[in-house]
Amino acid sequence: MMSGRHTGEQHSHTVEGTDPQLYVEVHDPEADAGLRPILLIHGFSSSSKLNWEDSGWISALLAAGRRVIAVDLPGHGRSGAPEDMDSYSPSRIRADLLQIAFDAGARPLRAGDPSSGLDVIGYSLGSRLAWEFGATQPEIVHRIVLGGPNMADPLAEFDLVAAQRYLADGSPIADESTAGLLKMAQALPSNNIFALLSLVEAIKGEPYDPAEAVPHMPVLLVAGEKDDRAASMPRLAELAAAAGSMAEQLVLPGRNHTNAITSRAFKQAAIAFLGS
Amino acid sequence: MAEISFPLPDLGEGLIEATVLEWLVSPGEQVERNQPLVEVETTKSAVELPSPQAGKVVRIYGGPGDKINVGEPLIVFEVPDNTAGIVGTVPKEEAPKRRVRLSAVLDED
Amino acid sequence: MTGFRQAQSPDAPTPHPEAPGKRTEQLSMQQALNRALDEVLAENPKAVIFGEDCGRLGGVFRITDGLQAKHGEKRVFDTPLAESGILGMSVGLAMAGFHPIPEVQFDGFAYPAVNQIICQIARMNYRSRGTLPMPITLRVPSFGGIRAPEHHGESLEALFAHVPGLKVVSPSNPHEAYHLLKYAATRPDPVIFMEPKSRYWQKGDVDFGAADAPGAGSPAGAPTGAKVMREGRHLTLIAWGAMVSRCLQVAGLAAEDGIDVEVLDLRWIKPIDADALVASVRKTRRAVVVHEAPLTSGLGAEVAQLVTQGCFDTLKAPVERVTGFDVPYPSGDLEDEYIPNIDRILFGIQRVLEYKRG
C-alpha cells in the first residue's frame with residue numbers, strides 16, 4: 001500500500017564533483033508520527049522495490065507514521081550505472097547517502113527533538129553500509145537496524161576473475177559462494193551485471209571490517225534462523241556492546257537470508273525499536 | 001453474499017510458482033483493500049501480497065512451505081452481492097413509486 | 001416468428017440433464033446464465049467461451065465464473081482488450097467448426113467490433129452460399145441502470161436488428177435468461193444476446209422443465225417468439241430486457257386504477273414475433289411500446305408499424321412510444337431521468353386512454 005504522497009527521482013546533487021545518478025524515493029505518511037525519517041539501504045543485486053516495497057516494508061513504515069527515504073544503490077534498480085569504479089566504493093556510497101538524507105530533509109540530532117536525526121535500516125550489503133554509516137555519522141544517525149548482517153562481506157571473497165570468465169565463455173565457477181552470488185545477480189533482468197561486478201571490485205578495494213569503526217548508537221540486529229550468511233551476527237552484537245552501544249538481537253524462526261525480509265516479526269521489531 | 005476467488009497473481013520475471021511463508025490473515029477475518037495478506041517466496045525474492053479488495057476471508061490456500069502455481073486459488077473472499085460487479089453499482093430493488101394516476105372511461109365496444 | 005423457425009437446426013435439441021424432482025430452482029440472472037453456459041460447454045464439445053476477463057476472473061459480472069476451472073483453458077479463455085479481434089477470431093473459429101460464445105464486456109465496447117459483426121459475421125453464410133455458417137453467440141451485457149460511466153449503458157438492439165443475417169434476443173428474468181441462452185447457443189446462425197445488466201442480480205424461479213424449454217417436447221419445443229408475461233384486457237405494454245420488469249410494476253399500479261394491462265415480453269427483437277404482437281393488441285386494442293434506446297429510429301417504430309399493420313381497423317389510439325431521449329446515454333447520476341420510469345410509462349398509457357378520434 002502506497003499510502004501518502006511519495007516522490008521519486010534520480011538524485012542530481014553532485015558529491016565530490018560528480019553526479020552519483022542514484023534513484024531516490026521519498027514517501028510521506030498520511031498521518032505523520034513526528035519522528036525522524038528512515039533511510040532504507042537494500043542488499044546486493046536487489047533494489048528498493050524488491051527489498052522494501054514488494055516486501056511490504058514501505059507500507060508498514062508509512063502505516064506507522066514514518067517518513068521513508070529509499071535509495072537504489074549504483075548499478076541497481078532505477079539508479080544509473082556509472083563507468084568509473086569510484087562511484088561504487090563503499091566510502092563514496094556513504095557520502096552519497098549522507099547527501100541524499102540531507103536533501104530529503106534529515107537534520108543533525110538535537111536533544112529533545114524526536115524529528116531530528118535519521119534512522120537507518122539496511123539489509124545484507126545494506127546492513128554493512130548502515131553499520132559504517134552509523135559509525136561515521138554519529139551526529140545524524142539516531143538508531144540502526146541491520147538485517148541479515150555479517151562480520152565479513154561475502155562479496156570480498158567473490159572470485160571476480162572466475163565470474164568474468166564465466167560471463168565471457170561459460171567456464172564453470174569453482175567457488176560455490178561466487179557461483180551463488182552471480183546466479184542471484186543474473187536472476188533479475190533489470191540488473192546491470194557489469195555494474196554489479198564493478199561494485200564487487202570496489203568492495204574488494206575497501207573490505208568490510210566492522211571492528212574498525214563501531215557505531216555508538218543503539219543497534220538492532222535481525223537474521224533468519226537459517227541464514228548462513230548471518231551466522232556471525234552475535235559477534236557483531238558483542239562488538240557493539242563492547243563499544244558501549246545498546247545491541248539487541250532478533251532471530252526469525254525458520255527464515256533464511258532470502259525470505260527473512262518479508263517477516264512481520266522483523267518489521268514490527270524494527271518499527272518498535274526505531275519508535276522508542 | 002457472493003464469493004470472489006483471488007488467484008496467485010503473476011509475480012513477473014517469468015515466475016510460475018511461489019511458496020507460502022506466512023499467512024497474515026485468517027478465515028473469518030475482515031480485510032481492507034491493500035492490507036497485507038500473505039508473505040510468499042519465489043526463486044528470486046520474498047514478497048508480501050496486498051489484498052486486491054475489501055471483504056471477509058472465507059478460505060486460504062496453502063500453509064507455510066506449500067507451493068502455489070500462478071493462477072491457482074490463493075484466497076477466497078465473501079463480499080456483499082452489490083459489490084460483485086467491477087463497474088457501476090447494483091440497482092436497489094424498491095417498491096414501485098408513482099405520482100401519475102390513470103383515469104379513463106373504458107367503453108367496452 | 002415463422003421466419004425464425006426456418007432458421008432452426010434440424011438436429012433435435014438435447015434433453016435437459018436436470019434430475020426429476022429438481023425442476024425448479026431460484027437463481028439470480030447471473031447464476032442462470034452461468035448455469036446455461038456450463039451446460040452448453042458440457043453438451044457441445046465445439047463450444048468455446050472467450051472475452052475480456054472471461055477466463056481466470058470469471059467475467060466482470062461473474063457470468064463465466066468457475067467455467068475455466070471446470071472446462072479448461074482451451075474452452076474458456078481471456079482475450080486482449082480488442083473487440084475487433086474477439087469477433088474476428090470468432091469468424092475463424094466458426095469457419096473451423098467451432099461454436100464461439102464470445103463476450104463483449106459492455107455494450108459500448110461493441111462499436112469497435114461492428115466491422116467484424118456486420119461485414120463478416122452477418123453475411124458470411126449468405127456470401128458463401130451456405131457453406132460457411134456462423135454459429136456465433138455474442139453475449140453483450142447491455143442497457144443502462146447501474147450508474148456506470150460512458151459506453152456502459154447503451155441500447156444497441158435497433159442497430160443490430162437492422163442488419164440482415166443477425167438474430168437479436170434479450171432475456172427479461174432468470175428463467176428467460178437460462179432458456180434463451182441455452183437455445184441461442186445451439187443456433188447455427190449468429191445471435192446477439194443482450195443481457196440486461198441492471199437485472200443481473202435479480203433472483204427468480206428457473207423452471208428447467210418449462211413448456212418451451214429446448215427439448216421439452218412441447219408444441220413450441222423452443223423459446224422462440226414473444227411471451228405474454230401478464231394478461232390484460234385494456235392495453236398492451238410491449239418491452240424487452242430490463243424494461244419488462246418495470247412494465248410489470250406499471251401493470252400492477254394500473255390495476256389499482258382499474259386498468260387491466262397486458263405485458264408482452266418480445267424476447268426476440270429479431271426475428272420479431274409479429275403474430276404475438278397482433279394477437280395481443282387485437283384483444284386489448286391499445287398499445288404502448290417501451291424501450292431505453294433513443295426514440296428516433298428505435299425498435300419502437302418497428303413495433304408500432306407491425307401493430308398498426310395488423311390491428312389498424314381495431315386500434316383505439318395510435319401506438320404510443322415511451323423511450324430514452326435522442327441524446328447520448330447520460331452519466332450515471334442522470335440515468336433515472338433518461339430511462340423510462342414508472343410515471344413516464346403511466347403518462348404514455350394515459351395518453352392512449354385519453355385519445356379521441358378527430
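Chain C meets chain B through 24 residues of chain C and 20 residues of chain B. Contact here means that C-beta atoms, placed from the backbone, lie within 7 Å. The model is predicted: local features need pLDDT of at least 70, side-chain atom pairs count only at pLDDT 80 or more, and totals for chains, interfaces and linings use all residues. Residues are numbered from 1 along each chain as its sequence is written, while chains are lettered from A and ligands numbered from 1 in the order in which they are written.

On the side of chain C that touches chain B, α9 (243–256) and α13 (342–354) of chain C each supply at least two residues. The top contributor is α13(C), with seven residues. Helices (H or I, at least four residues) and strands (E, at least two) are DSSP runs, numbered from the N terminus. By class, this side of chain C holds 13 nonpolar, six polar and five charged residues. Nonpolar covers Ala, Val, Leu, Ile, Met, Phe, Trp, Tyr, Cys and Pro; charged covers Asp, Glu, Lys and Arg; the others, Gly among them, are polar.

Chain B also touches chain A. Here 12 residues of chain A contact 14 residues of chain B. The chain A side divides into five nonpolar, five polar and two charged residues.

Both α9(C) and α13(C) also pack on strands of chain C. The sheet there is open, with five strands in the order β9-β11-β10-β13-β14 (chain C) and mixed pairing. Strands pair if DSSP finds at least two bridges between them. At the edges stand β9 (227–230) and β14 (320–324) of chain C; each has a single partner strand, so one side of each lacks a neighbour in the sheet. The twist averages 25 degrees from one strand to the next.

Within this sheet, β10 (235–239) and β13 (287–294) of chain C pair in the parallel sense over three bridges. Thr236(C) stands opposite Ala287(C) of β13(C).

The helix packing is set out below. Angles run from 0 to 180 degrees between N-to-C directions, with axes fitted to C-alpha atoms, for helices over the stretch in contact.

| Helix | Strands touched | Angle |
|---|---|---|
| α9(C) | β9, β10, β11 (261–265) and β13 of chain C | about 170 degrees to β11(C) |
| α13(C) | β10, β13 and β14 of chain C | about 160 degrees to β14(C) |

Chain C has 13 helices and 14 strands. Of its 358 residues, 55% are buried, meaning that 20 or more other C-beta atoms, placed from the backbone, lie within 10 Å of a residue's own. Chain A has nine helices and eight strands. Its 276 residues are 50% buried.

Note on methods: Two residues are in contact if their C-beta atoms, placed from the backbone, lie within 7 Å. A residue is buried if 20 or more other C-beta atoms lie within 10 Å of its own, exposed if 12 or fewer, and partly exposed in between; C-beta atoms are placed from the backbone.
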